Amino acid sequence: MIVAGLVLLAVGAADLVRQFAPRRWIGYLTVAVILLLLGSVSDALIPMIAALIVGALWVWCMPSDRPAPLGFWPAVLLGALSIGAVVWAGARTDAGLIGEIWTLRSPFGDVPFDLAVLALGAGAFLLESANLVVRAALDGEHTWRPADPAPEVVAPVAATGEEGEIADGAEEDATPIRDPRSGFKGGRLIGPLERVLVMILTLAAAYPILAAMLAAKGIVRFPEISRDGETGARAEYFLVGSLVSWVIGLGAAFLVWWAAHS
């Protein structure tokens, strides 16, 4: 169990660092030191080193600025590794130094340290790493994707004379005009929130609320999909992206549920 938690935590932290940190190497170094300290105090130093290696391989296999060279197969291998570590390794009886002082209570009972690390790692993976998996799935299926927002077009507006020439001493007023074709990148935020909610609602057995949330997303997206015409590109994009995202969220919930009941 601890192996799966540390691997997911390392992968999720690496993707968050390369997404938000201006100087990535400082963020990578900080995360590596923190995770190594966590592995040391929890008697899991060797699994932590292995998790950092997996995280480095993940960053190389799943780039954020270009299509993934191996598609979404690294995600499949990571999922198989996590499931195998939870199913066959099980929970430890000794969590090292931190296990002696660790205590965490929940409405469902005490939460062991290894289970808390697994839940934290699964949650970290659902944030940015799962976005990369969804993107790789869309690229692998050559699914239509909306264009990135176009940059603002600067239109110079200047004072003119009687004959239309620029008046002496007049400075051009750069007025930004946004391209109407530009869109929003709300999916980068909606996707992680949706997956985290899917995981939480599934673990809480709030299936009616989960079904209502998923149905509401389809209703909200229906006007956009209905403008598809004959191509069906938007509907395919929505279905592939949403289904892959939901599978990842449900998979994370199943992983934590299995670990809690093993």
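Guide: Before we look at how one helix is covered by others, take contact to mean heavy atoms lying within 4.5 Å of each other. Please keep in mind throughout that the structure above is a predicted model.

Visitor: Let us start with α3, then; which helices are among those that cover its buried residues?

Guide: The cover over the buried residues of α3 includes α1 (2-20), α2 (24-41), α4 (73-89) and α6. Helix α3 itself runs over residues 45-61, and its 17 residues reach 24 Å from the first C-alpha to the last, which is close to the 24 Å expected at 1.5 Å a residue.

Visitor: Which residues of α3 are buried, and where around the axis do they lie?

Guide: A residue counts as buried when its relative accessible area is under 20%, and in α3 this holds for Met 48, Ala 51, Gly 55, Trp 58 and Cys 61. Because these residues cover an arc of only 140° around the axis, they fall on the same side of α3. On the other side of the helix, Ile 46, Ile 53 and Trp 60 are exposed.

Visitor: How should I read a single charged residue, such as Glu 128; is it buried or exposed?

Guide: Glu 128 belongs to helix α6 and counts as buried, since its relative accessibility is 6%. If we leave aside the neighbours within four places in sequence, the residues in contact with Glu 128 are Asp 15, Leu 16, Gln 19, Arg 135 and Arg 188. Arg 234, a residue of helix α9, is instead partly exposed, with a relative accessible area of 28%. Its C-alpha lies 9.8 Å from that of Arg 221, a residue 13 places away in sequence.

Visitor: Turning to empty space, how many cavities of 30 Å³ or more does the structure hold?

Guide: The general idea is that rolling a probe the size of a water molecule over the atoms reveals where empty space is left. Here the structure holds one cavity of 30 Å³ or more, and the volume of the largest cavity is about 50 Å³. Its lining is made up of Met 62, Pro 63, Arg 66, Pro 67, Ala 68, Leu 132, Arg 135, Ala 136 and Asp 139, which divide by class into six nonpolar, no polar and three charged residues. Arg 135, one of these lining residues, is also among the contacts of Glu 128.

Visitor: And what lines the second largest pocket?

Guide: The second largest pocket holds about 670 Å³ of space and is lined by 24 residues, of which Phe 108, Leu 115, Leu 203, Val 256 and Ala 260 lie nearest its centre. At least two lining residues each come from β1 (105-106), β2 (109-110), α6 (113-140), α7 (187-203) and α9 (233-261), with α9 supplying the largest share, six residues. By class, the lining of this pocket has 17 nonpolar, five polar and two charged residues.

Visitor: Finally, which backbone angles deserve a second look, for instance at Asp 43 and Ala 205?

Guide: Most residues other than glycine have a negative phi. Asp 43, however, has a positive phi near 55°; this residue sits in the loop between α2 and α3 and counts as exposed at 53% relative accessibility. Ala 205 likewise has a positive phi, near 60°; its place is the loop between α7 and α8 (207-226), and at 44% relative accessibility Ala 205 counts as partly exposed.

Definitions and conventions: Residues are numbered from 1 along each chain as its sequence is written. This is a predicted model: local features need pLDDT of at least 70, side-chain atom pairs count only at pLDDT 80 or more; totals for chains, interfaces and linings use all residues. Side-chain values use heavy atoms; hydrogens and water are left out. On a 1 Å grid over the protein atoms alone, a cavity is a set of points where a 1.4 Å probe fits but cannot get out, and a pocket is an open set with protein on both sides within 12 Å along at least five of seven lines; lining residues have an atom within 4 Å of a point. Grid points are joined across faces, edges and corners, and a volume is the space filled by probe spheres set on the points. Helices (H or I, at least four residues) and strands (E, at least two) are DSSP runs, numbered from the N terminus. Ala, Val, Leu, Ile, Met, Phe, Trp, Tyr, Cys and Pro count as nonpolar, Asp, Glu, Lys and Arg as charged, and the others, Gly among them, as polar. Buried means under 20% relative accessible area, exposed over 50%, partly exposed in between (1.4 Å probe, protein chains only). The expected span of a helix is 1.5 Å times one less than its number of residues. The arc is that of the directions from the helix axis to the C-beta atoms.
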